[in-house]
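Trainee: I'd love a close look at a single part of this model, with the cut-offs spelled out. Could you pick one and talk me through its surroundings?

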Amino acid sequence: MKAVAIVGKRGGSGKTSVSHLAALGAAWKMTPAYFMHTDDRDPIEVSGRPYAYYDARNPETLATLMGAAVNKDGLCVIDGGGNRPEFDKWIADCVDLAIIPVSPDPEDVREALQHYERLVKAGAVKVKYLINKYPSSKVERGYVDTAFLCDIPAKDIIGYLPMVAAVRTLRASDTEKFKTPPSKVNKVARQTYDLINKELGA
Ligand SMILES: Nc1ncnc2c1ncn2[C@@H]1O[C@H](COP(=O)(O)OP(=O)(O)OP(=O)(O)O)[C@@H](O)[C@H]1O
Ligand SMILES: [Mg+2]
């Protein structure tokens, strides 16, 4: 079992979306995936998803679930919301990789850089950025690359995820049995998992 934590203080950068995408992408590659919900919000209801979803808001529950999974195959994805310095320490000690999703926005970039430093100070060995909501137009990409993303060292960026509106359905409770998402979502899910898997193997 490998464990990846998707972290960041900034609300809306895409932690929860990226976590679902990673778990879904793993599932499509026949890799068992375990989603750990740890932020303060109520967990969602899931039905028939191809990955497990756990309410792990209690740190002891999280530790127990991780302990139970340690010898299993697969990927544990921790959706780590909020701004909790004690959680930084736990991440540094307990996960193989920490990913900070960053939207192309100056405030997002600033907070992501700060969080990176905090995680490294806490002892994390592998921390990477994943650019989320990357524009599709070349002109816009050129703009966000030079205006905002240039402050992030290129060697620390594991990849770029596009805007895919239907990603929001993954964050919502399943009102009926989970159906295979649109191909755009599956594609970005596989992409997310591949980027993480590559980094875990590196
Ligand atoms: N790649 C994407 N394409 C389109 N929309 C996205 C993408 N990633 C995230 N979003 C949208 O951005 C919003 C915030 O995403 P999300 O809830 O995943 O962020 P978060 O970092 O978990 O936020 P919070 O800190 O509040 O928990 C949501 O409306 C989500 O649907
Ligand atoms: Mg969230």
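Mentor: Happily; helix α3 comes first, then the core, and then a pocket.

The model is predicted, so local features need pLDDT of at least 70 and side-chain atom pairs count only at pLDDT 80 or more, while totals for chains, interfaces and linings use all residues. Residues are numbered from 1 along each chain as its sequence is written, chains are lettered from A and ligands numbered from 1 in the order in which they are written, and side-chain values use heavy atoms, leaving out hydrogens and water.

Helix α3 spans residues 85-94, and its buried residues are Phe87, Asp88, Ile91 and Ala92. (Helices are DSSP runs of H or I with at least four residues, strands are runs of E with at least two, and both are numbered from the N terminus; buried means under 20% relative accessible area, exposed over 50% and partly exposed in between, with a 1.4 Å probe and protein chains only.) These four lie on the same side of α3 because they cover an arc of only 145° around the axis, taken from the directions between the helix axis and the C-beta atoms. An α-helix has 3.6 residues a turn, so residues three or four places apart point the same way. Turned away from that buried side is a face with the exposed residues Glu86 and Asp93.

What does the buried side of α3 pack against? Its partners are the strands β1 (2-6), β4 (75-79) and β5 (97-102), together with helices α2 (59-69) and α4 (106-121); contact means heavy atoms within 4.5 Å.

Ile91 also leads us into the largest nonpolar core, where it is among the residues with the most contacts, alongside Ile78, Ile100, Val102, Leu119, Tyr129 and Ile152. That core has 32 residues, a core being a set of buried Ala, Val, Leu, Ile, Met, Phe, Trp, Tyr and Cys residues joined through side-chain atoms within 4.5 Å. At least two core residues come from each of β1, β2, α2, β4, α3, β5, α4 and β6. Leaving out residues up to four places away in sequence, Ile100 touches Val7, Ala112, His115, Tyr116, Leu119, Val127, Lys128, Tyr129 and Leu130. Another core, of 31 residues, lies apart from this one and includes Phe35, Leu97, Tyr193 and Ile196.

Finally, the largest pocket: α1 gives the most to its lining, with six residues. (On a 1 Å grid over the protein atoms alone, a pocket is an open set of points where a 1.4 Å probe fits, with protein on both sides within 12 Å along at least five of seven lines; lining residues have an atom within 4 Å of a point.)
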